[in-house]
Amino acid sequence: MRALVSRINRELAATPRPSLALKSLGSRFSHHHHDSPTKKEKKSSYILGPDLPDIWSPPRSTPPCPPPSQTPDEIRSGIVKEVYQMKESISKVPGLAVVLVGQRRDSQTYVRHKIKACQEVGIRSLTAELPDDCPEDEVVNTVSSFNEDPSIHGILVQLPLPQHMNEEKLLNAVSLEKDVDGFHPLNMGNLALRDREPLFIPCAAKACIELLLRSGVDLKGKNVAVIGRSKVVGLPLSLLLQRHHATVSIIHAFTKNPEDITRGADIVISAAGVANLVRGSWLKKGTIVIDVGTNPIEDPSSEHGYYLSGDVCYEEALQVVSAITPVPGGVGPVTIAVLLSNTLDSAKRAYGLS
């Protein structure tokens, strides 16, 4: 045996080393190292893919919006009890701060709903309203002041922001411990890793899962089509669904024949932001549909000059689905309830409560 080992070692020692190949490979890397910045940018784009905006094509016809329906309030009732217990035990309540930039009517409406919801469950709320043309630094300073306020446990910057503002910069200004919207890179990154736990999960994505689980839907092994891939809903939702062992298909503006994918899905969740994009023909019999879309449709006869429509043709879908959330009155109220829940969790963490 020793003789055999000795012979093998001698043969290995005599084997030529592939030094020329390594040198050649090294020279190629050295050549790339001196490429111009333009070529580097092109290579980076090639690897990461082109950065193209999602531009959806709305359907030709627009069916009428269905009337709103009631949604369960189990989440809010639980929050009311815990906020009351916190106030009784330590004389503190959770605090939520909202930063609203500009005069968008829909954003103002959403903020009003959030503030009203805070009042209903006993959460303290503050709103900072800034003009559309204010500098970014003013928004950052406003967020920073809330970061330093120990009575504020949740901060959200209402989206969308004016076009001249850097959305990433402003969202990243929110302290990780107060990021109740769940958009901080570390919260999103931890959501993507199955062995990590984010401090907060984005509210609309969490709301969709809450609706499904509280309705007794077992997600394990289900085929789920998620329409839209935004960081607000589509992306975190797809990550959350995978944590529940669902098989997820992502449909975006460049997807070929999206209706073929949705017809094979057990659950369809749409967050594209295009009114009545999903027709009844896109859905198979018995599908469960969660409609996250909240799209204003101009209507001079309505009180506010518009009404809200979902991404799904509600009347058509009713003919084939086993369950569907209406718009308005479906996912929206649950999303606000999740925001309140995240704020409560943040306050409990800050005060060392279980």
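**Exercise 1.** Which residue in β10 is the bridge partner of Ile-288?

*Solution.* The model is a predicted one. Start with the strand that holds Ile-288: β7 covers residues 288-291. Next, look at how β7 meets β10: the two pair in the parallel sense, over two bridges. Within β10, Ala-323 is the bridge partner of Ile-288.

**Exercise 2.** State the order of the strands in the open sheet, and explain why one side of β5 and of β10 is left without a neighbour.

*Solution.* The sheet has five strands with parallel pairing, in the order β5-β4-β6-β7-β10. Now take the two ends of that order: β5 (247-251) and β10 (323-324) stand at the edges. Each has a single partner strand, so one side of each has no neighbour in the sheet. As background, strands of a sheet pair through backbone hydrogen bonds.

**Exercise 3.** Decide whether helix α10 is largely enclosed or not, and find what covers its buried residues.

*Solution.* A residue counts as buried under 20% relative accessible area. In α10 (residues 234-243), eight of the ten residues are buried, so the helix is largely enclosed by the rest of the structure. Among the buried residues are Gly-234, Pro-236, Leu-237 and Arg-243. Their cover includes the helices α8 (185-192) and α9 (203-214), along with the strands β4 (223-227), β5 and β6 (267-270). Just after α10 comes His-245, with a positive phi of about 65°.

**Exercise 4.** Classify Cys-134 and Cys-203 as buried or exposed, and give the count of disulfides.

*Solution.* The relative accessible area of Cys-134 is 3%, so Cys-134 is buried. Cys-203 has 5% relative accessibility and therefore also counts as buried. The disulfide count is zero.

Terms used. Residues numbered from 1 in each chain as written. Predicted model: local features only at pLDDT ≥ 70, side-chain atom pairs only at ≥ 80, totals over all residues. Heavy atoms only, no water. Pairing = 2+ DSSP bridges. Helix = DSSP H or I, 4+ residues; strand = E, 2+ residues; numbered from the N terminus. Disulfide = S-S within 2.5 Å. Buried < 20%, exposed > 50% of the residue type's maximum accessible area, 1.4 Å probe, protein only. Contact = heavy atoms within 4.5 Å.
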